[in-house]
Amino acid sequence: MKNKSATINQICETGIVSVVRAENSEKGFRIVDACLEGGINAIEITFTIPNAQTVINDLADKYLSNDIILGAGTVMDTETARIAILSGAQYIVTPYFNEEIIKMCNRYGVPCIPGVVTLKEMVEAMELGVDILKLFPGEMFGPSIIKTFKGPLPHVQLMPTGGVSLGNVEEWIKSGAVAVGVGNSLTSGANQGDYASITETGKQFIQKITEARYRYKIGSSS
C-alpha cells in the first residue's frame, strides 16, 4: 500500500477524482477501465451503493496500486472507514467533518478527505493533520469561494466536489483548487452502457486541468 504522502501527491498531480457509483464489480471494472484510459487514475467508490466494500476489494485485487489511486467515498462513520481500508481503500472521503473518522484514518496511515463548508471546519481538520479538504457541495459556492477561503488560510488545499463540470473546471483550478471531485458529469454514460464517453470526457477534463495549471502557472499541489 502507498504511504499517506504518496497518495496525496498522486491525487494532486492527477487533479481529478472520479466519483463512481457502481452497483456491482463488473460495472465498476468497466467504469474504472474507461477512466484509466482517459487519464484519470484517482477513483472513489461510494458507500451509497450495495456491497461497496466488495467492489473496492475486487478493484484492489485487479489493479496494481501503482496504476490506480483507489478510495472510498460517502463514508459516514468509523466502522465504514475501517471496513473500506481493510477492503483496500487507499484514502477515505467523507461528506462532512467528523473528527473520529479522521483519527481512524490516521491510525491506519490512510489519508482522509473530509467534507467541509466553513473556516472553522477547515482549521479543525488541518489541526488533525488533514492535507486535502473536500469543499462540498461545490455548487453551493462557485469557484470564487476558494480565493475567499485562501485569504485567511493561504495554505488550505481544497477539492471541490459537486457541481464541477467541463464548463467550469478551469475556473475551479484558476481559483486554487488542488483537485476536483467529479461524478455524474464524468460517468453518466455508464447508465446507457456508453463507456467510451467516459474515456473521452476524462481526456477533456485532464486537458482542461493541465491547460489551466499551465496558463495560470499553478503547481499540481498548490
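**N98 and its surroundings**

I started at the backbone nitrogen of I101, which sits 2.9 Å from a polar atom of the N98 side chain. Worth noting right away: this is a predicted model. I then looked for another partner of the N98 side chain and found a polar contact with the side chain of Y96, at 3.0 Å.

Where does N98 lie? I placed N98 in the loop between β4 (91–93) and α5 (99–108). I also checked its exposure: the relative accessibility of N98 is 18%, and the limit for buried is under 20%, so N98 counts as buried.

**S87**

Next I went to helix α4, residues 78–87, where S87 has its place. S87 comes out with a relative accessible area of 12%, so I logged it as buried. Which residues does S87 touch, not counting those up to four places away in sequence? I wrote down Q53, I56, N57 and A60.

**A190**

I moved on to the loop between α9 (184–187) and α10 (195–215), where I picked out A190. Buried or exposed? A190 is buried, as its relative accessible area is 7%.

I looked up the contacts of A190, leaving aside neighbours within four places in sequence, and got K27, I31, Y195 and I198. I31 caught my eye: I31 and A190 are 159 residues apart along the chain, yet I get 6.9 Å between their C-alpha atoms.

**The chain as a whole**

Then I stepped back for the overall numbers. I count 10 helices and nine strands in the chain. How much of the contact list is long-range? Taking contacts with a separation of 6 or more, I find that 61% are between residues 24 or more positions apart.

For the dimensions, I boxed the C-alpha atoms along the principal axes and got roughly 45 × 35 × 30 Å. The radius of gyration is 16 Å; a compact globule of 222 residues would have one near 17 Å, so the chain agrees with that expectation.

On burial, I have 52% of the 222 residues down as buried. The accessible surface of the chain is about 9,500 Å², and carbon and sulfur atoms account for 49% of that.

Last entry, on charges: how far apart are the mean positions of the positive and negative charges? I tallied 19 positive and 23 negative charges, and their mean positions are 5 Å apart.

Definitions and conventions:
Residues are numbered from 1 along each chain as its sequence is written. This is a predicted model: local features need pLDDT of at least 70, side-chain atom pairs count only at pLDDT 80 or more; totals for chains, interfaces and linings use all residues. Side-chain values use heavy atoms; hydrogens and water are left out. Helices (H or I, at least four residues) and strands (E, at least two) are DSSP runs, numbered from the N terminus. The radius of gyration is taken over C-alpha atoms; the globule rule is 2.2 Å times the number of residues to the power 0.38. Buried means under 20% relative accessible area, exposed over 50%, partly exposed in between (1.4 Å probe, protein chains only). Contact means heavy atoms within 4.5 Å. Accessible areas come from the Shrake-Rupley method with a 1.4 Å probe; for residues, only the protein chains shown count as cover. Lys and Arg count as positive and Asp and Glu as negative; His and the chain ends are not counted. The place of a charge is taken as NZ of Lys, CZ of Arg, CG of Asp or CD of Glu. A polar contact is a pair of N or O atoms within 3.5 Å; within protein, one must be able to donate a hydrogen and the other to accept it, and residues adjacent in sequence count only if both atoms are side-chain atoms.
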